[in-house]
Protein chains: 2
Amino acid sequence: MPNKTANPWTILLTRPIYENRWIRVVEHEVLNPAGKPGIYGVVHLQNLATGVIPIDADGYTTLVGQYRFPLKSYSWEIPEGGGDPGVDPLESARRELAEETGLIAREWMPLLTMHLSNSITDETAYCFLAWDLEQGVAEPEETEDLRLRRLPFAEAYAMAMRGEITDAMAVASLMKARLLALEGALPDAVAGLILR
Amino acid sequence: MPNKTANPWTILLTRPIYENRWIRVVEHEVLNPAGKPGIYGVVHLQNLATGVIPIDADGYTTLVGQYRFPLKSYSWEIPEGGGDPGVDPLESARRELAEETGLIAREWMPLLTMHLSNSITDETAYCFLAWDLEQGVAEPEETEDLRLRRLPFAEAYAMAMRGEITDAMAVASLMKARLLALEGALPDAVAGLILR
């Protein structure tokens with residue numbers, strides 16, 4: 001009996017299609033799980049995706065607003081950015097949080113790891129919860145035209161639940177932080193701020 | 001004062017790179033928000049992404065397991081599939097649910113809409129909650145080598161919270177269904193089954 005969780009695809013040939021700093025596209029000639037010939041185009045991400053929910057001493061978080069070029073629309077999100085695959089995702093999230101918002105957090109915990117679009121890409125997202133904050137100076141990259149919005153965690157969570165935040169990393173992170181707080185699975189110091 | 005939510009990017013030239021049944025890759029020569037020249041590669045999805053959490057009369061749901069080619073790993077997820085952009089996402093989700101699991105649901109509600117990876121793609125996911133189920137016969141596509149697992153909703157939710165389910169649509173949908181049930185925002189008929 002075959003191993004049902006083993007790779008049922010056979011790769012016959014791999015053709016490089018395109019590469020830039022952010023993505024690498026390849027097309028594979030394959031035999032599909034039924035043994036029939038076909039193609040599979042895969043988008044490899046050159047970076048990890050990282051995100052962080054900062055929670056300050058008043059129970060407020062900071063959202064980042066920016067125009068998302070691929071969507072042709074404006075999007076409010078948690079602070080997010082790409083991380084070098086050779087660097088600990090927490091360090092990349094720490095750097096992005098500082099660059100985008102100027103915030104420095106003394107306490108960090110992993111919130112979730114997800115695959116964002118697994119039928120086409122290998123993009124992996126690492127999201128964190130961060131608290132015990134200190135305000136420094138933001139230094140966004142020039143490709144970023146960012147707005148910041150400080151608001152109670154409960155309001156950011158409500159925006160995600162109402163569909164006013166649509167970015168998958170932000171939606172899932174805000175919901176998971178709320179659930180962990182409700183379930184008593186967060187340190188008291190930050191759970192109280194989230195449920196405030 | 002400029003409109004801060006307007007498009008701060010200028011497209012100078014658009015170059016088609018690659019297209020198959022599932023994706024279309026283009027490279028834009030741009031001026032970035034700082035007015036400096038650069039490139040932006042965008043992956044357009046040819047289909048909408050749809051997903052559904054079916055809940056049966058015992059409070060059980062059905063997960064679908066498959067090897068995800070881009071990740072090179074096995075993944076348990078809610079029933080998901082691509083939908084023609086010209087078709088109501090609910091109809092596409094209904095068709096996918098029937099094809100993959102054989103389940104037919106009489107009651108449907110929209111659960112969430114998300115953008116899965118908005119720095120690179122325009123992929124949009126539409127997820128639903130479905131209940132009042134009838135069992136028909138599954139008819140998976142030949143590119144799919146699927147396993148089905150029927151389990152209590154609470155167990156599927158716990159798998160998402162523990163990181164054993166990593167697919168973004170599945171993780172976010174399972175958490176949102178639980179939160180809506182806790183908040184009294186679901187019809188009693190299905191809330192009781194989810195909180196069982």
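The following exercises, each with a worked solution, concern a predicted model of two chains, A and B.

**Exercise 1. State how confident the predictor is in this model.**

Solution. Begin with the single chain: the average pLDDT of chain A is 96, and 99% of its residues score at least 70. Then turn to the scores of the model, which are ipTM 0.96 and pTM 0.97.

**Exercise 2. Describe the fold of chain A by its elements and their order.**

Solution. Step one is the inventory: chain A contains four helices and 10 strands. Step two is the order along the sequence, which reads β-β-β-β-β-β-β-α-β-β-β-α-α-α. Step three is the extent: along the principal axes, the C-alpha atoms of chain A fill a box of roughly 60 × 45 × 30 Å. Finally, consider the packing. Of the 196 residues, 42% count as buried. Among contacts between residues at least 6 apart in sequence, 61% join residues at least 24 apart.

**Exercise 3. Determine how E2(A) and E3(A) are paired, and examine the hairpin they form.**

Solution. First establish the sense of the pairing: E2(A) and E3(A) run antiparallel and are joined over nine bridges. Next take one position as an example: A:Val26 has A:Val42, in E3(A), as its bridge partner. Last, inspect the link. Five residues lie between the two strands of the hairpin, and A:Gly35 in this hairpin adopts a positive phi near 85°.

**Exercise 4. Check whether the length of helix H1 of chain B agrees or disagrees with the expected span.**

Solution. The helix covers residues 89-101, which is 13 residues. The expected span is 1.5 Å times one less than the number of residues. This gives 18 Å, and because the end C-alpha atoms of H1(B) are 18 Å apart, the two values agree.

The surroundings of the helix may be added. Its buried residues include B:Pro89, B:Leu97 and the charged B:Arg94, B:Glu96 and B:Glu100. The buried residues of H1(B) pack against several strands of chain B, among them E4 (48-55), E7 (80-83) and E10 (147-152). Just after the helix, B:Gly102 has a positive phi of about 80°.

**Exercise 5. Classify B:Tyr74 as buried, partly exposed or exposed, and list its contacts.**

Solution. Locate the residue first: B:Tyr74 belongs to strand E6 (residues 73-77) of chain B. A residue is buried with 20 or more C-beta neighbours within 10 Å and exposed with 12 or fewer. B:Tyr74 has 15 such neighbours inside 10 Å and therefore counts as partly exposed. When neighbours within four places in sequence are left aside, B:Tyr74 is in contact with B:Gly65, B:Tyr67 and, from chain A, A:Thr5. By contrast, B:Ala98 stands 24 residues from B:Tyr74 in sequence and 22 Å from it in space, C-alpha to C-alpha.

**Exercise 6. Characterise the contact between the chains and the relation of one copy to the other.**

Solution. Count the participants: chain A and chain B contribute 55 residues each. On the side of chain A, H3(A) gives the most, with seven residues. By class, this side has 28 nonpolar, 15 polar and 12 charged residues.

Now compare the copies. A rotation of 180° with 0.0 Å of shift along its axis superposes chain A on chain B, with an RMSD of 0.0 Å. This is the relation of a two-fold axis. Furthermore, 100% of the interface residues of chain A are interface residues in chain B as well, so the copies meet through the same surface.

Technical notes. Residues are numbered from 1 along each chain as its sequence is written. Chains are lettered from A and ligands numbered from 1 in the order in which they are written. This is a predicted model: local features need pLDDT of at least 70, side-chain atom pairs count only at pLDDT 80 or more; totals for chains, interfaces and linings use all residues. Two residues are in contact if their C-beta atoms, placed from the backbone, lie within 7 Å. pLDDT is the predictor's confidence in each residue, from 0 to 100. Copies are superposed by least squares on the C-alpha atoms of residues with pLDDT of at least 70 in both. Two strands pair if DSSP finds at least two bridges between them.
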